[in-house]
Every structure is written in C-alpha cells, then in structure tokens.
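Subject: Structure handover

Hi,

Here is the structure we spoke about. Please open it alongside this note.

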Amino acid sequence: MPDETLERNKGIVRRMLKAFNDGDTASVAELLHPSIRDHSRMLGLEPSIRRAPVVKRVQTEIMREKEAFPDKRFKEEFIVAEGDRVVLRWSMTGTHQGRFVGRGATGKKVSISGTEFVRIQDGKIIEHDDDPLHVLELLAQLDMLDQQTLALPEFSHDRVSPRRNDAAPGRGGPPPAGT
C-alpha cells in the first residue's frame, strides 16, 4: 500500500482524536463509515447508549467526556498503519469536574492511556475495537472502582456483538423484541 494511503489512514484516526479533544461531535459522522462494526466493550455506557447507532454513541461519549472532564487533553503517544489497519496509543489527562457514571465531581486529576484498533475503508472508519482497561484505570484514579459502580448496568457484560451502525436499513440497533 502506498505511503500516502497509510498517511491518509492515520490522518483519519488523528481527526477522530482531535474530535474528542475539541468536543467536535459533527466530525463523527464524517469519519465513521455507515456500516461500521464496533467491537469495543463500551464500559461505562448504559445499555440504551450501547445499543444506539455508533455515530450517536460516539457523539454522546464526546459530550459526556467534555462535561465530566472539561479540561481533558488527549495526546497521541504513537500511531502505526499497515494496510487498511491503524493502531493508536493515546493518553489523556484532565480534572474530574462533572458527573461521571452517575457520580458527582471529585476534583481529582487523572492520567490514563488506551489503545484503539481501527480499519479504514473508503476513507472512513469501518471497524473499531479498543482496550477497555482505560475505563477501569480511570475509575480507580477517581476512587470509584467499587461494588456500587461495578453493579451499574454500564458495567454489565451484556452486549450485542458485533455492533453495527444502524444507519443503513436492516443493520445494527437493538435486537427485535422477544429475541
């Protein structure tokens, strides 16, 4: 694959990281493929958001992070592209100043890191997975890694997999009632 394609693919992932930094929910629809498959665990998101179309879910994540950690800053630690795949290792710092998983602000400063695994098709993110341990790391730093939090539906292992964006007819979304 030509170097310019690899650089373009990394640029798409960098734009998504920038959207999280800037609170830019509008870019999400431009960056995600209509048939995206999302394999991430989505820890910390209630079941109704987990089952929402991927674009709406990611936009919700961006808004919630902005509210809970208004001074947050994501930083690219490294990015690697091979073929249509991109791996991003990121870090995030911020101060907990708003509600997060149903709890009020603690005022604590946090520093976490995570890894995103994506596949690019037609200039958009068609597949995504991540390392969910960053959520547990964040909870631990906020002294919220306890039974009360882990009992929330946001931390159940109930998930629909693989998830697809339900923007296209017949794709994604919650399963039909009674299934």
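What share of the 179 residues in the protein chain is buried? The answer is 45%. Keep in mind that this is a predicted model.

**Overall layout**

The protein chain has six helices and six strands. Along the sequence they run α-α-β-α-α-β-β-β-β-α-α-β. Take the contacts between residues at least 6 apart in sequence: 64% of them join residues at least 24 apart. The chain exposes about 9200 Å². Carbon and sulfur atoms supply 53% of that area.

**Helix packing**

Two packed helices are described by the angle between their axes and the distance between the axes. Look at H1 (residues 3-22) and H4 (residues 54-68). Their axes are 8 Å apart and meet at an angle of about 40 degrees. That angle makes H1 oblique to H4. H1 brings Met16, Ala19, Phe20 and Asp22 to the contact. H4 answers with Val58, Glu61, Ile62, Glu65 and Lys66. By class, the contact has five nonpolar residues, four charged ones and no polar ones.

**Aromatic pairs**

How many aromatic pairs does the structure hold? There are three. Two of them are set out here.

Start with Phe69 and Phe100. Their ring centres lie 5.7 Å apart, and their planes stand at 70 degrees, so the pair is edge-to-face. The cut-off for that label is over 60 degrees. This pair links distant parts of the chain, with the two positions 31 residues apart in sequence numbering. Phe69 sits in the loop between H4 and strand E2 (73-82). Phe100 sits in the loop between strand E3 (85-95) and strand E4 (109-121). Both Phe69 and Phe100 are buried.

Next, Phe74 and Trp90. This aromatic pair is edge-to-face as well. Centre to centre, the rings are 5.3 Å apart, with 70 degrees between the planes. Phe74 belongs to strand E2 and Trp90 to strand E3. They are 16 residues apart, and the pair again links distant parts of the chain. Both Phe74 and Trp90 are buried.

Which residues form one aromatic cluster with Phe74 and Trp90? Phe20 does: the cluster is Phe20, Phe74 and Trp90. Phe20 is also one of the H1 residues in the contact with H4.

**Where to look**

I would start at Phe20, which takes part in both the helix contact and the aromatic cluster. Then turn to Phe69 and Phe100, the buried pair that connects two loops.

Best wishes

Conventions: Residues are numbered from 1 along each chain as its sequence is written. This is a predicted model: local features need pLDDT of at least 70, side-chain atom pairs count only at pLDDT 80 or more; totals for chains, interfaces and linings use all residues. Side-chain values use heavy atoms; hydrogens and water are left out. Axes are lines fitted to C-alpha atoms, for helices over the stretch in contact, and angles run from 0 to 180 degrees between N-to-C directions. Helices (H or I, at least four residues) and strands (E, at least two) are DSSP runs, numbered from the N terminus. Angles under 35 degrees count as roughly parallel, over 145 as roughly antiparallel, 65 to 115 as roughly perpendicular and the rest as oblique. Contact means heavy atoms within 4.5 Å. Ala, Val, Leu, Ile, Met, Phe, Trp, Tyr, Cys and Pro count as nonpolar, Asp, Glu, Lys and Arg as charged, and the others, Gly among them, as polar. Rings of Phe, Tyr and Trp (its six-membered ring) pair if their centres lie within 6.5 Å; planes under 30 degrees apart count as stacked, over 60 as edge-to-face and the rest as tilted. Buried means under 20% relative accessible area, exposed over 50%, partly exposed in between (1.4 Å probe, protein chains only). Accessible areas come from the Shrake-Rupley method with a 1.4 Å probe; for residues, only the protein chains shown count as cover.
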